[in-house]
Amino acid sequence: MSISYPENEDAGRIQPASGDRPGSRRALPTWTAITRTFRRSIRVRFVFALACALLGITLTAAVWKASQYALLSTFEHTVHEVRTDITPSHNIAVSLLEAERLVRLYEKDQSPALATEFELAAGAIESNFLMFVGHLTNFEEHQDDIDVHLMVSAYDAWQSARQAASGLFARNPETPAFSAAFHNTTTGLESAYAATSEFYSRTVSEIERHLSNGQAVSSWAGYVMMSAILAGYLILILTSLYVCRSILHPIESLQEGARRLGKRDFAHRVRLHNKADELGQLGRAFNVAAASLQRLYRELEHRSTRDGLTGALNRAAFTERLSADCASADRHERPLSLLMVDIDFFKRVNDTHGHQTGDRILRGVVELMENTIRPGDVVARYGGEEFAVILPDTDECEAWATADRLRRAVERQLFDCGAAEPVSVTVSIGCACRRPASLPSEDFVESADAALYQAKRTGRNRVVAAYPETDEPSHPVALVSVA
């Protein structure tokens, strides 16, 4: 029984606490989980800082609004108190009108009840005057106030009217003294009422003016503060966008570059707008490191797929390339040919001229083959002095012609071996052609290799082609022979 383990992508997830049961509802996130989230992401920390800044501005606006409301409420309360303080003056004016009405009624109808009602109205007037003076905490400080002087004048006029009224109710209406007392009483009452009404009107107008000014100042201050708050929001948002562009975007580019680098995409380069700051310097260092890794990877790939002596594909890379070309030929329904090339009597060359000469000949033969074949063809060192040439999209006739051209080019070539005289060699070539969806790559190599050994057994320096995959015998046959 095999045991399967979870993928690494779950390794970073927050695991349940030891006390939690599977499937149970999780409690609130722990402090460790919160701090872990902050440590993992700069963007989270930036968003949190931005939210805190916006919250601070919002709280400032809320505190200011509450303070404005409190100040305005205090001012309105003060206005209300002032209105309360001047209420007695309004009551005095009402009582003065009532007293005047009673006096005029008494002139027409000398009823004793009217005198009693007048005394009650007079008592109310006196009480309201005393109440008015009592509301002025420091009455002496208000002596120079023109509005208070109006009330003083009203009180004086009232006293004169009351003194005249005391004689009015005791005289005979038919006498001239009654007429004089009536005139003095009504005149005093009218003067007192006029002064009291003017005082009340002036005070109310002043209160309304101050209240209107206070509300206007409050509204103006509100507009100014709201404008400042909106400007603060705008500046904070613009600053955040700038920081996001200058910090978060380069970090994301570096993160993407590291991810691409982890996938061996060494050609990827980080492109930052600002190359002067620390992140720009880090981006340049990253690109330098990526270029170095790309160069080292290419060199490593070259060493892992190329023969160290000749530069041709090694055997492992040849096997992989041949399998890929077979699959491509089957997919596109095109022929594929393979040449197996062996240098004749190469051991004799090593024994006679030395291994260094042999190495030069190996390199020369590979260079000669690469210059003779097409750009899309591939040369590989199959082993020792044996080479393979893959010829994509090539039928039997074209493959044979290419093999014979290679054989002739090697036969004519003199290889410079340093101080010694030039050396010439010949090659034997086995040629095989593969039709789509026929031979596997291993059998394809075996067919071309069998043709090569047939060429070596029949005299060397020749090309032998294997039969194509038909109903004919599958042994190779020599198509050309050179003595």
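User: Which residues of helix H9 are called buried?

Analyst: In this predicted model, the buried residues of H9 are Thr357, Gly358, Ile361, Leu362, Gly364, Val365, Val366, Leu368, Met369 and Thr372. They earn the word because a residue counts as buried when its relative accessible area is under 20%. These buried residues pack against E1, H8, strand E2 (378-383), E3 and H10.

User: What makes the span of H9 close to the one expected?

Analyst: H9 has 18 residues, and the distance from its first C-alpha to its last is 25 Å. The expected span is 1.5 Å times one less than the number of residues, which for H9 comes to 26 Å. Set against that value, the 25 Å of H9 is close to expectation.

User: Which elements supply residues to the largest nonpolar core, and which one gives the most?

Analyst: This core has 31 residues, and Leu339, Met369, Val389 and Val425 are the ones that touch the most other members. At least two residues each come from strand E1 (336-343), helix H8 (346-353), helix H9 (355-372), strand E3 (386-392), helix H10 (396-412), strand E4 (427-434) and strand E5 (463-465). H9 gives the most, with six residues. There is also a second, separate core of 30 residues, which includes Ala115, Phe118, Met151 and Leu168.

User: How do you know what Leu339 is in contact with?

Analyst: The test is whether heavy atoms lie within 4.5 Å. Leaving aside neighbours within four places in sequence, Leu339 is in contact with Phe387, Ala388, Val389, Leu391, Ala399, Thr402, Ala403, Leu406, Ile429, Gly430 and Cys431.

User: What makes E1 and E3 a pair of strands, and in which sense do they run?

Analyst: Two strands pair if there are at least two bridges between them, and E1 and E3 have seven, in the antiparallel sense. One example is Met340, whose bridge partner in E3 is Ala388. E3 is joined to E2 as well, by five bridges and again antiparallel, with Arg381 standing opposite Phe387 in E3. E2 and E3 form a hairpin with two residues between them, and Gly384 in the turn has a positive phi of about 60°. As for its surroundings, E3 is mostly covered, since six of its seven residues are buried.

User: Why is the pair of Phe266 and Tyr297 called tilted?

Analyst: A pair of aromatic rings is described by the distance of the centres and the angle of the planes. The centres of Phe266 and Tyr297 are 5.0 Å apart, and the limit for a pair is 6.5 Å. Their planes make an angle of 45°, and the label is tilted because planes under 30 degrees apart would be stacked and planes over 60 edge-to-face. Phe266 is in the loop between helix H5 (176-262) and helix H6 (278-305), while Tyr297 is in helix H6, 31 residues apart.

User: Are Phe266 and Tyr297 buried or partly exposed, and what decides it?

Analyst: Phe266 has 12% relative accessibility, so it counts as buried, the cut-off being under 20%. Tyr297, at 28%, counts as partly exposed, which is the class between 20% and 50%.

User: Why is the pair of Phe318 and Tyr382 given the name edge-to-face?

Analyst: Their ring centres are 5.7 Å apart and their planes stand at 90°, so the pair is edge-to-face, given that the name applies to angles over 60 degrees. Phe318 is in helix H7 (residues 315-332) and Tyr382 in strand E2, 64 residues apart, and both residues are buried.

User: What makes Arg348 and Arg460 count as lying over the face of Phe345?

Analyst: Part of the test is that the CZ atom of Arg is within 6 Å of the ring centre. Arg348 is at 4.3 Å from the ring centre, and Arg460 is at 4.5 Å. Arg460 lies in the loop between helix H11 (441-457) and E5, and has a positive phi of about 65° although it is not a glycine.

User: What is unusual about the phi of Asp393?

Analyst: Most residues other than glycine have a negative phi. Asp393 is not a glycine, yet its phi is positive, about 55°. Asp393 is placed in the loop between E3 and H10, and at 38% relative accessibility it counts as partly exposed.

How values were computed. Residues numbered from 1 in each chain as written. Predicted model: local features only at pLDDT ≥ 70, side-chain atom pairs only at ≥ 80, totals over all residues. Heavy atoms only, no water. Core = buried A, V, L, I, M, F, W, Y, C linked by side-chain atoms within 4.5 Å. Buried < 20%, exposed > 50% of the residue type's maximum accessible area, 1.4 Å probe, protein only. Helix = DSSP H or I, 4+ residues; strand = E, 2+ residues; numbered from the N terminus. Phe/Tyr/Trp six-rings, centres within 6.5 Å; stacked < 30°, edge-to-face > 60°. Lys NZ or Arg CZ within 6 Å of the ring centre and 35° of its normal.
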